[in-house]
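The following exercises invite the reader to examine a protein model by working from sequence and coordinates together. Each task is followed by a solution that proceeds step by step.

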Amino acid sequence: MDWLRSQPVVMQAFLAGLFTWGCTIVGSAVVFFFKQVSRKLLDIMMGFAAGVMIAASFWSLLAPSIEYAEVSYGKLSWLPAAIGFLVGGFFLQLIDAVVPHLHLSKDISEAESVPEHSRKKLSKTALLFLAITIHNFPEGLAVGVAFGALAANPSPEAFVGAIGLALGIGLQNVPEGAALSIPIRTDGKSRLKAFYWGSMSAIVEPIGAVLGAVAVMAMTAILPYALSFAAGAMVFVVVEELIPDSQTNGNTDVATLGLMVGFVLMMVLDVALG
């Protein structure tokens with residue numbers, strides 16, 4: 001841990017991004033052992049991931065955003081958080097509207113519901129891959145912003161908060177990797193190909209982490225907006241993808257309990273350890 005703290009902030013962000021990508025790789029590796037995974041287990045894992053991301057969005061991103069804004073905005077310290085949060089959500093909505101992809105709550109075999117012009121250009125595997133990749137970038141960005149904020153506030157508490165955020169996103173990336181590789185395998189692709197697609201869906205996370213860290217270091221004034229932007233993007237992913245995905249297969253109760261456990265775990269990481 002001391003070695004990590006001694007590294008430049010951008011390097012810390014990059015290593016954290018590699019960690020979250022590595023967790024996706026671990027999840028994708030499930031395909032080497034199983035061709036199918038219990039739908040109930042996947043729903044629990046998706047619910048857990050949603051809880052982790054909701055907690056991380058507040059304690060690791062929104063709360064620090066308001067805290068950083070107090071110096072410049074005083075009683076209006078909530079303003080950058082509100083603006084950034086909404087812009088983050090609208091940005092993800094724009095990406096969803098522009099880029100053709102399958103929603104995670106749809107099995108890969110249901111690609112026929114995608115508009116005809118999209119299916120002509122992209123395979124079913126590519127559409128599912130895009131769905132997860134689109135939502136991995138803001139997660140990497142969130143990690144980078146959290147570590148980039150250390151340049152302005154290098155306190156042990158802020159460092160632990162950034163580590164907690166990376167751990168939380170890493171935890172939710174494990175089921176996300178499985179959620180991509182398993183349907184691809186079930187659709188008849190080889191284990192190696194399914195693992196490759198699942199793993200590469202999160203390669204954008206270390207890239208996003210570096211970009212986020214560099215951006216907030218170069219423009220300190222945008223820090224409160226950047227933190228809340230990342231929070232808004234993450235909450236959009238949770239509400240638009242993870243929660244519906246976990247709730248549409250008859251496993252509502254256990255998925256909800258998984259969400260609550262994930263939320264509490266992330267809260268402990270952020271509050272007790274920070």
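**Exercise 1. Classify Tyr225, then describe the ring pair to which Tyr225 belongs.**

Solution. The model is predicted.

Step 1. Tyr225 has a relative accessible area of 27% and is therefore partly exposed, since the partly exposed class runs between 20% and 50%.

Step 2. The ring of Tyr225 pairs with that of Tyr73; the centres are 6.4 Å apart and the planes stand at 75 degrees. Planes over 60 degrees apart count as edge-to-face, and the pair of Tyr73 and Tyr225 is accordingly edge-to-face.

Step 3. Tyr73 belongs to helix α3 and Tyr225 to helix α10, so that the pair links distant parts of the chain, 152 residues apart.

Step 4. Tyr73 also counts as partly exposed, because its relative accessibility is 29%.

**Exercise 2. Determine the geometry of the ring pair formed by Tyr196 and Trp197, and the exposure of each residue.**

Solution.

Step 1. A pair of aromatic rings is described by the distance of the centres and the angle of the planes.

Step 2. For Tyr196 and Trp197 the centres lie 6.4 Å apart and the planes meet at 80 degrees, so the pair is edge-to-face.

Step 3. Tyr196, at 49% relative accessibility, counts as partly exposed. Trp197 is partly exposed as well, with a relative accessible area of 23%.

Step 4. In total, 7 aromatic pairs are counted. One aromatic cluster is formed by Phe58, Trp59 and Phe263.

**Exercise 3. State the overall helix and strand content, and the proportion of buried residues.**

Solution.

Step 1. The protein contains 11 helices and 0 strands. Its pattern along the sequence is α-α-α-α-α-α-α-α-α-α-α.

Step 2. The chain has 274 residues, of which 49% count as buried.

Step 3. Consider contacts between residues at least 6 apart in sequence: 84% of them join residues at least 24 apart.

Step 4. About 12100 Å² is exposed by the protein, with carbon and sulfur atoms supplying 72% of this area.

**Exercise 4. Identify which elements build the largest nonpolar core, and place Val145 and Leu227 in their surroundings.**

Solution.

Step 1. In soluble globular proteins, nonpolar side chains tend to be buried together.

Step 2. The largest nonpolar core here comprises 50 residues; Leu61, Ala142, Val145, Phe147, Leu165, Met234 and Leu242 have the most contacts inside it. Two or more residues each come from α2 (9–28), α3 (39–73), α4 (78–98), α6 (124–148), α7 (156–186), α9 (204–218), α10 (223–247) and α11 (252–272). Helix α10 gives the largest share, 12 residues.

Step 3. Leaving aside residues up to four places away in sequence, Val145 touches Gly212, Ala213, Val216, Leu223, Ala226 and Leu227.

Step 4. A second, separate core has 7 residues, including Val31, Leu180, Ile182 and Ala194.

Step 5. Leu227 is located in helix α10. Its relative accessibility is 1%, under the 20% limit, and Leu227 therefore counts as buried.

Step 6. With residues up to four places away in sequence excluded, the contacts of Leu227 are Ser60, Leu61, Pro64, Ser65, Tyr68, Val145 and Ala146. The C-alpha atoms of Leu227 and Gly212 are 9.4 Å apart, with a sequence separation of 15 residues.

**Exercise 5. Is Ser28 buried or exposed, and which residues does Ser28 contact?**

Solution.

Step 1. Ser28 lies in helix α2. With a relative accessible area of 0%, Ser28 is buried.

Step 2. Apart from neighbours within four places in sequence, Ser28 is in contact with Gly177, Ala178, Ser181, Phe195, Gly198 and Ser199.

Step 3. Ser199, one of these contacts, is found in helix α8 (residues 191–200). Ser199 counts as buried because its relative accessibility is 5%.

Step 4. Examined from the side of Ser199, and not counting residues up to four places away in sequence, the contacts are Trp21, Thr24, Ile25 and Ser28.

Step 5. Ser28 and Asn173 are 145 residues apart in sequence, while their C-alpha atoms are 9.4 Å apart in space.

**Exercise 6. Which residues make the nonpolar surface patch of about 470 Å², and where is Phe32?**

Solution.

Step 1. The patch is made by Phe32, Phe33, Phe34 and Leu192.

Step 2. Phe32 sits in the loop between α2 and α3.

Step 3. Phe32 has 37% relative accessibility and so counts as partly exposed. Patch residues must have over 30% relative accessible area, a condition that the 37% of Phe32 meets.

Methods. Residues are numbered from 1 along each chain as its sequence is written. This is a predicted model: local features need pLDDT of at least 70, side-chain atom pairs count only at pLDDT 80 or more; totals for chains, interfaces and linings use all residues. Side-chain values use heavy atoms; hydrogens and water are left out. A nonpolar core is a set of buried Ala, Val, Leu, Ile, Met, Phe, Trp, Tyr and Cys residues joined through side-chain atoms within 4.5 Å. Buried means under 20% relative accessible area, exposed over 50%, partly exposed in between (1.4 Å probe, protein chains only). Helices (H or I, at least four residues) and strands (E, at least two) are DSSP runs, numbered from the N terminus. Contact means heavy atoms within 4.5 Å. Patches are made of residues with over 30% relative accessible area and no salt bridge: like charges are joined within 9 Å, nonpolar side chains (Val, Leu, Ile, Met, Phe, Trp, Tyr) within 5 Å. Accessible areas come from the Shrake-Rupley method with a 1.4 Å probe; for residues, only the protein chains shown count as cover. A salt bridge is a side-chain nitrogen of Lys or Arg within 4 Å of a carboxyl oxygen of Asp or Glu. Rings of Phe, Tyr and Trp (its six-membered ring) pair if their centres lie within 6.5 Å; planes under 30 degrees apart count as stacked, over 60 as edge-to-face and the rest as tilted.
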